[in-house]
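Hi,

Here's the structure I promised to pass on. Have a look at it first, and my notes follow underneath.

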Amino acid sequence: SPLQDGWLLEDSQRLLAETPVQLDLASHQPALVETALMILVSLGTSVDGGLAIRHLASNSPGVVGQSLATIDALDCSAGLDPARAIIRRSADLHLQTRQSLEEFVSRGCDAH
């Protein structure tokens, strides 16, 4: 069991580091990235928060939502400034993405 967790975390970290942020939405990529982010919630540490922050700029609202959940679990405060920056610079964000980012920023990290 400990060996399973190790390779699963390593493969998830590698996938999140190597997968482009702009995904082919008609492919398996969004689901694969979301699954890797969920694995980080279970097995990752605050160091892995950067991998989730990277995917805040995804073109997939589902990936952005799971990235926010992962950041919230691993290192909430590290995600606030990047989320604010994406909201400021991206006028054409998908509505669901914008709402998720704005909710995350307005909620903040006080509960952590």
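Ser106 counts as exposed, because its relative accessibility is 62% and the cut-off for that label is over 50%. This serine lies in helix H5. If you want a distance to check in your viewer, the C-alpha atoms of Ser106 and Gly49 are separated by 19 Å, with the two positions 57 residues apart along the chain. Bear in mind that this is a predicted model, so everything below is computed from it.

Now the overall picture. The protein has five helices and zero strands, so reading from the N terminus you get α-α-α-α-α. The radius of gyration is 14 Å, close to the 13 Å that the globule rule gives for 112 residues, so the protein is as compact as a globular protein of that length. Along the principal axes, the C-alpha atoms fill a box of roughly 45 × 35 × 15 Å.

A few totals you may want to have at hand:

- Of the 112 residues, 42% are buried.
- The exposed area is about 6,100 Å², and carbon and sulfur atoms supply 54% of it.
- Among contacts with a separation of 6 or more, 67% are between residues 24 or more positions apart.
- There are 7 positive and 14 negative charges, and the mean positions of the two sets are 8 Å apart.

On to the inside. In soluble globular proteins, nonpolar side chains tend to be buried together. Here the largest nonpolar core has 26 residues, and the ones with the most contacts inside it are Leu16, Val33, Leu56, Leu101 and Phe104. Helix H1 (2-18), helix H2 (29-43), H3, H4 and helix H5 (95-107) each give two or more residues to this core. H4 provides the largest share, with 10 residues.

Leu101 is a good place to zoom in. Leaving out neighbours within four places in sequence, Leu101 is in contact with Leu56, Val64, Leu68, Ala83, Ile86, Ile87 and Leu93.

What about His55, buried or exposed? His55 counts as buried, because its relative accessibility is 0% and the cut-off is under 20%. This histidine is in the loop between helix H3 (49-54) and helix H4 (61-89). Setting aside residues up to four places away in sequence, His55 touches Leu16, Thr19, Pro20, Val21, Val33, Val63, Val64 and Ser67. One of those partners, Leu16, is also among the residues with the most contacts inside the core, and so is Val33.

Val47 is another loop residue to look at, this time between H2 and H3. With a relative accessibility of 69%, Val47 counts as exposed. Its C-alpha atom is 8.0 Å from that of Leu74, and the two residues are 27 apart in sequence.

Last one: Met38, in helix H2. Met38 counts as partly exposed, because its relative accessibility is 42%, which falls between the two cut-offs of 20% and 50%. Not counting residues up to four places away in sequence, Met38 touches Gln66 and Thr70. From Met38 to Ile86 the C-alpha distance is 22 Å, and these two are 48 residues apart in sequence. Ile86, for its part, is one of the contacts of Leu101.

That's what I have so far. Shout if you'd like to go through any of it together.

Cheers

Note on methods. Residues are numbered from 1 along each chain as its sequence is written. This is a predicted model: local features need pLDDT of at least 70, side-chain atom pairs count only at pLDDT 80 or more; totals for chains, interfaces and linings use all residues. Side-chain values use heavy atoms; hydrogens and water are left out. Helices (H or I, at least four residues) and strands (E, at least two) are DSSP runs, numbered from the N terminus. Buried means under 20% relative accessible area, exposed over 50%, partly exposed in between (1.4 Å probe, protein chains only). Contact means heavy atoms within 4.5 Å. The radius of gyration is taken over C-alpha atoms; the globule rule is 2.2 Å times the number of residues to the power 0.38. Accessible areas come from the Shrake-Rupley method with a 1.4 Å probe; for residues, only the protein chains shown count as cover. Lys and Arg count as positive and Asp and Glu as negative; His and the chain ends are not counted. The place of a charge is taken as NZ of Lys, CZ of Arg, CG of Asp or CD of Glu. A nonpolar core is a set of buried Ala, Val, Leu, Ile, Met, Phe, Trp, Tyr and Cys residues joined through side-chain atoms within 4.5 Å.
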